[in-house]
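The following exercises are to be worked with the sequence and the model side by side. Each task is followed by a solution in steps.

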Amino acid sequence: MQRLHTPHVVVVMGVAGTGKTTIGPLLAARLGVPYAEGDDFHPSANIAKMTAGTPLTDEDRWPWLDAIGGWAHGRAGLGGVVSSSALKRSYRDRLRAAAPGVVFVHLTGSRELIEDRMAHRQGHFMPTALLDSQFATLQPLQADEAGVAVDVAGTPEEITERAASALGDLPEPVL
């Protein structure tokens, strides 16, 4: 398998349960760049709210997005992969403000498939009950946003290969 080398900083995005934490590290390994888990950037108060089944507000998300944006900015020209739900255009705009060359891999799939995957995962703080609020909040990538949509049907390896292939078709970032 050929390893790709890219200066892209990639944000793997999507609703809870699409596989960001699974696909992100696999994609980073495929691209030969470091991976950062977006959940690790959450303040403890955010995790407590989500664990209790309470959706985060935009005000809750800003410090989290700023921390992810800071990491992405530090990887500009070097490449990296970080996970973040990045559900709203305003969230992605905030990430782009910190790291203008960032590109998005939007993991997409049917609600049924995602709910089934969430029901079978172990040790994650995001309850299935919040999936409806995630889908209600989701604003898919728009034509003027650098990124690709990747279907999450199939194995993690198949999804990663589709993502890497789609990223290979994007132009090099402007630094």
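**Exercise 1. Locate H73, and state which residues distant in sequence it contacts.**

Step 1. H73 belongs to helix α3; helices (H or I, at least four residues) and strands (E, at least two) are DSSP runs, numbered from the N terminus.

Step 2. The model is a predicted one, in which local features need pLDDT of at least 70 and side-chain atom pairs count only at pLDDT 80 or more, while totals for chains, interfaces and linings use all residues. Residues are numbered from 1 along each chain as its sequence is written, and side-chain values use heavy atoms, with hydrogens and water left out.

Step 3. When neighbours within four places in sequence are set aside, H73 is in contact with A98 and A99, where contact means heavy atoms within 4.5 Å.

Step 4. H73 and A99 are 26 residues apart along the chain, yet their C-alpha atoms are separated by 4.5 Å.

**Exercise 2. Determine whether G69 is buried or exposed, and identify its contacts.**

Step 1. G69 is likewise found in helix α3.

Step 2. Its relative accessible area is 1%, and G69 is therefore buried; buried means under 20% relative accessible area, exposed over 50%, and partly exposed in between (1.4 Å probe, protein chains only).

Step 3. Beyond its neighbours within four places in sequence, G69 contacts L95, A98 and A99.

Step 4. From G69 to R94 the C-alpha to C-alpha distance is 7.6 Å, across 25 residues of sequence.

**Exercise 3. Describe how helices α3 and α4 pack.**

Step 1. Two packed helices are described by the angle between their axes and the distance between the axes.

Step 2. For α3 (residues 58-74) and α4 (residues 89-98), the angle is about 35° and the axes are 8 Å apart. Here axes are lines fitted to C-alpha atoms, for helices over the stretch in contact, and angles run from 0 to 180 degrees between N-to-C directions.

Step 3. The crossing of α3 and α4 is right-handed; a crossing is left-handed if the near helix is turned anticlockwise from the far one by less than a right angle, and right-handed if clockwise.

Step 4. On the α3 side, D58, R61, W62, L65, D66, I68, G69, G70 and H73 take part, and they meet S90, Y91, R94, L95 and A98 of α4.

Step 5. The residues of this contact comprise 6 nonpolar, 4 polar and 4 charged. In this count Ala, Val, Leu, Ile, Met, Phe, Trp, Tyr, Cys and Pro are nonpolar, Asp, Glu, Lys and Arg are charged, and the others, Gly among them, are polar.

**Exercise 4. Examine the backbone and the burial of A86.**

Step 1. A86 is placed in the loop between β3 (80-83) and α4.

Step 2. Most residues other than glycine have a negative phi. Phi of A86, however, is positive, near 45°.

Step 3. A86 counts as buried because its relative accessibility is 0%.

**Exercise 5. Identify the residues that touch the most other members of the largest nonpolar core.**

Step 1. A nonpolar core is a set of buried Ala, Val, Leu, Ile, Met, Phe, Trp, Tyr and Cys residues joined through side-chain atoms within 4.5 Å.

Step 2. The largest such core has 19 residues, of which V10, L27, V81, V105, L107 and L167 touch the most other members.

Step 3. Two or more residues are given to this core by each of β1 (9-13), α1, β4 (103-108), β5 (147-151) and α7 (156-168).

Step 4. Outside the four places on either side in sequence, V10 touches L27, L31, G80, V81, V82, V103, V105 and L167.

Step 5. A second, separate core has 15 residues, including I68, V82, Y91 and V102.

**Exercise 6. Find the polar partners of the side chains of R30 and H8.**

Step 1. R30 lies in helix α1 (residues 20-31) and counts as buried, because its relative accessibility is 12%.

Step 2. The R30 side chain makes a polar contact with the side chain of E161 at 3.1 Å. A polar contact is a pair of N or O atoms within 3.5 Å; within protein, one must be able to donate a hydrogen and the other to accept it, and residues adjacent in sequence count only if both atoms are side-chain atoms.

Step 3. H8 is in the segment before β1 and counts as buried, with a relative accessibility of 4%. Its side chain reaches the backbone oxygen of P171 at 3.2 Å.
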